[in-house]
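Please open the model in the viewer and keep the sequence panel in sight. The stops below are meant to be followed in order.

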Amino acid sequence: MGGYMGLGLQKWIYSRDPQKKMFKKERLKSFTALPKYSRTFILKPSIKENKKLNGLLTVVFSFLILSVFTFNHFVDYSNKQSQRIIKITNFKNLEAFNFLVNSGENRLRTNQIKMAYSEFKLAYNINSENKELNQLMIETLSILCSNDNKYCDELDAILDVF
C-alpha cells in the first residue's frame, strides 16, 4: 500500500500547502453583550388558586340554591299551617257558638233568664251576625228589661245596631 491512495486523492495530498491553515481561529472577545431580552411577563393566576376559587364559588352557589329551595318550602309550609290553624279556630268557634246558643235556649226553657242572657252574650261575642241569636238576645233583654233598667240600656244599644 505504499504510495497508492486510490480514487485520485493522492494528488490532493501531495499538492496541498502545508502552511495553509484549514480553520481560521478568531480571537475571543473579552466581553460579549447579551442579546436584549424582550419577553414581557403577565401575571396569571395559578391553577391552585383557580381551583380554590372555583370550589368556593361552587359551595356558595350551592348554598344559595339550597337556601332558596328551603325558603320556598318553608313559606309553603307556613301558609298551609296558618290555613289549618284558621280552619281549626273557625271550627272551634262554631262549636263554642252552637254550644252557647243551645245552652242559652235550655236556660230560657228552665226560666233562668240571667244565665241565658250571659250565654247569649258570650255567643254574640263569637258571632254577632247570626239572626237567630240576635232575636233571642232581644227577647231575653226585653224580659230582663221589665225587671231591671240596666238591661234596657243594653236592649236599646242592640236595637240601634239593627
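A salt bridge is a side-chain nitrogen of Lys or Arg within 4 Å of a carboxyl oxygen of Asp or Glu. By that criterion, the structure holds one salt bridge. The model on display is a predicted one.

**The whole chain**

Begin with the entire chain in a cartoon view. It contains five helices and zero strands, so that the order of elements from the N terminus reads α-α-α-α-α. Of its 162 residues, 15% count as buried. The surface that the chain exposes amounts to about 15,100 Å², and 60% of this is supplied by carbon and sulfur atoms. Among contacts between residues at least 6 apart in sequence, 39% join residues at least 24 apart.

**The salt bridge**

Next, select R107 and E119 and show their side chains. The two meet in the salt bridge, at 3.5 Å from N to O. The pair links distant parts of the chain: R107 lies in helix α2 (residues 47-109) and E119 in helix α3, twelve residues apart. Side chains of opposite charge can pair when their charged atoms come close. Are the two partners buried or exposed? R107 is partly exposed, with a relative accessible area of 24%. E119, at 13% relative accessibility, counts as buried, because the cut-off for buried is under 20%.

**Helix α5**

Now select residues 149-161, which make up helix α5. This helix has 13 residues and reaches 19 Å from its first C-alpha to its last, close to the 18 Å expected at 1.5 Å a residue. Colour Y151, C152, L155 and I158, which are buried. These residues cover an arc of only 125 degrees around the axis, which puts them on the same side of α5. Then turn the helix to the face directed away from its buried side: there the exposed residues N149, D153, D160 and V161 are found. To see what covers the buried residues of α5, add α3 (113-126) and α4 (131-145), which are included in that cover.

**The disulfide**

For the last stop, keep C152 selected and add C145. Which bond joins C145 and C152? They form a disulfide, with their sulfur atoms 1.6 Å apart. A disulfide is a covalent bond between the sulfur atoms of two cysteines. The structure holds one such link. Looking along the S-S bond, one finds 95 degrees about it, and the link of C145 and C152 is right-handed. Both cysteines, C145 and C152, are buried.

Methods:
Residues are numbered from 1 along each chain as its sequence is written. This is a predicted model: local features need pLDDT of at least 70, side-chain atom pairs count only at pLDDT 80 or more; totals for chains, interfaces and linings use all residues. Side-chain values use heavy atoms; hydrogens and water are left out. Helices (H or I, at least four residues) and strands (E, at least two) are DSSP runs, numbered from the N terminus. The expected span of a helix is 1.5 Å times one less than its number of residues. Buried means under 20% relative accessible area, exposed over 50%, partly exposed in between (1.4 Å probe, protein chains only). The arc is that of the directions from the helix axis to the C-beta atoms. Contact means heavy atoms within 4.5 Å. A disulfide is a pair of cysteine sulfur atoms within 2.5 Å. Accessible areas come from the Shrake-Rupley method with a 1.4 Å probe; for residues, only the protein chains shown count as cover.
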